[in-house]
Each structure stands twice: as C-alpha cells, then as structure tokens.
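This report looks at three residues in turn, then at the chain as a whole. Keep the structure open while reading.

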Amino acid sequence: MAGPSDLVTLASVKAWLNITSANDDGPLGSAITQCSLKIINHINRNWLLPRTYTEVLNGNGKQAIMLRNYPVTSVLSVTVDGVSVPAGSWQSNGYMFQPPDDTPPGSRQTLQLRGSCFNKGQQNVTVVYVAGYQVSAEAATAAAAVTVQQPYGAWGSDLGVKNAATGAALTKVAGAPAQGQYQLSTTIVGGYVFSAADAGLNVQISYGYIPGDLAQAALEWVAERYSYRSRVGQTSKSLGGQETVSFAIGTVPSFIGDMLQQYTSVTQ
C-alpha cells in the first residue's frame, strides 16, 4: 500500500528497474516510503502537496515577513497582536503576499502589510495560509475520461473542478457521476470522469502535483537501495582486475543531493 508521503509510484519504480513480477513489491514499497521521507526531511519541507498551515511568527517591526512553507497560493487570515488584518491591495491597507513562481522549484515568499507593520513581539503574528505545488484552473472539456496535463510533475491530489462559464463547483463523488458531478479515475493517475450529461462542458481543474525532479530523485534513490541488496557493506568492486567500480553509500548519495539542492528550504 502506498504511503501518504510517497513521491513516486511503485509502477514507476518497477518500470525503471524493468521488473515485471510482484515478488519484490513489499520491499520496494517500503523503500519508496523511506526514501520519500528522507527527501522531505533533507529539503527541510513539511510537505509538497497543497495543505493549510497555521504559522505563528515573531513580529519583526517591519512591513514584510517571510513565510516558511512555499509556494503559497492563498492567505486565509492574518492576525497581529490578536487583531485581525484584512486583505489589502496597493490602493487599500491590509495584507498582501508575494505571488508564487509559475514553475518549480519556487522560493519562500514574503507577506506584506500596507498601512501598518508586524509589531515586534514573541509569537504575536499568526498567519493561516495554503501552500504547496499546484496547477490552478487548467482548462479542459468534460468527457467520459479526461487526463490533466501535469506539465511540471505527476498529479498528486485533487483540488476541485469548476464550470468555466459560471464558476460553480462540480461535486466530487465516489461512484458514477451524475450531471454536475465528477469522479477521480481509479485506473489513471490524474484522470477525471464526468457524466454523459456534462459532455462538452468547459471546466477548470485544479490539482496538486509532485515536482518531476523530486519524483525522479526518489525513483533513483529507491533503485540504488534495491541494487544495494546484492552488495551490502561493499564500497567498491574490482572487475576482472582491470578496473574498479565505487559505490555511493553516503546518507544522501551525491547524485541525489545535487537534484535536491534547488528545492531545499533555508530558514532564517
């Protein structure tokens, strides 16, 4: 069974390793979960898919403060010294946040106040916000089966479907959808199923995704751990006395660390 933090699927790993049997599905599944968690910890992230965070910060006496999790896609509330701050704009006082980058890896973003500041204090600023990698309002035409484009990485979570013309949300259901409803495909990653009554309807699909670089890092690390079974404890191997092959056995293999560097969050 896939773990909730897995960055890559068992099917992808088996395809990479050219494994067709199910004999090693258990060990491979465990390796996927272990490597995925190590990657998340190494890049100093809470998680990658969109979720709501409540972050309590120290006020710095300035008009801008940096949020820990990213990319931030929406700010739900801001409180300073117990007082709620409304959403603002360049024309009205309140909070504004730096827009996220369109493509991964992204970077930490600042939350700004217009007309006031984050008063100095200990744990006196509370921000509730949504952060994670997501594609918002991807255009599609409803049909019996629709697969989202996934331009930056594999689909990871559903964030809803809307009628493009009215903005009304379609209802997600577990069984066969009726008009105004949709179902997630049970066989296709990133697949959406719509009612025949909605065929041809222009919709907007939003979803979270796992950046392709991180999925590839997890896949290659799992593959390395799988091959390690045949050389436990070895750091090198002589090939017929002509050449020597060395093996990466560090905590984080260098070829994985290079892939992760751009996604690592550096806190201040």
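E138 sits in strand β8, which spans residues 134–141. The model is predicted. Which side chain of opposite charge is nearest to E138? That side chain is K162, and it lies 16 Å away. E138 is buried and has no salt bridge. A salt bridge would need a side-chain nitrogen of Lys or Arg within 4 Å of a carboxyl oxygen, so K162 at 16 Å cannot supply one.

The E138 side chain does reach a backbone atom. Its partner is the backbone nitrogen of Q149, at 2.9 Å. Q149 is also among the residues that E138 touches beyond four places in sequence. V148, Q150 and P151 are on that list too. So are V203, Q204, I205 and Y207.

W47 belongs to a loop. The loop runs between α2 (25–42) and β1 (51–59). Is W47 buried or exposed? W47 counts as buried because its relative accessibility is 9%, and the cut-off for buried is under 20%. Beyond its neighbours within four places, W47 contacts P4, S5, D6 and L7. I40, Y53 and I210 complete the set.

Q112 lies in strand β6, residues 110–114. Its relative accessible area is 29%, so Q112 is partly exposed. That value falls between the cut-offs of 20% and 50%. Leaving out residues up to four places away, Q112 touches Q63, A64 and W90. The other contacts of Q112 are G94, Y95 and M96.

W47 and Q112 each have a C-alpha distance to a residue far along the chain, as tabulated here.

| Pair | Sequence separation | C-alpha distance |
|---|---|---|
| W47 and G132 | 85 residues | 7.4 Å |
| Q112 and K62 | 50 residues | 8.9 Å |

Now the whole chain. The fold has 4 helices and 16 strands. Its C-alpha atoms fill a box of roughly 75 × 55 × 25 Å along the principal axes. How much of the contact set joins residues at least 24 apart? The share is 69%, counted among contacts between residues at least 6 apart in sequence.

Of the 268 residues, 39% are buried; E138 and W47 are both in the buried class. The chain exposes about 14,100 Å². Carbon and sulfur atoms supply 51% of that area.

Charge comes last. The chain carries 15 positive and 15 negative charges. The mean positions of the two sets are 8 Å apart.

Technical notes
Residues numbered from 1 in each chain as written. Predicted model: local features only at pLDDT ≥ 70, side-chain atom pairs only at ≥ 80, totals over all residues. Heavy atoms only, no water. Helix = DSSP H or I, 4+ residues; strand = E, 2+ residues; numbered from the N terminus. Buried < 20%, exposed > 50% of the residue type's maximum accessible area, 1.4 Å probe, protein only. Contact = heavy atoms within 4.5 Å. Areas by Shrake-Rupley, 256 points an atom, 1.4 Å probe, with all protein chains shown as cover. Lys, Arg positive; Asp, Glu negative; His and termini not counted. Charge placed at Lys NZ, Arg CZ, Asp CG, Glu CD. Polar contact = N/O pair within 3.5 Å; in protein donor to acceptor, adjacent residues only side chain to side chain.
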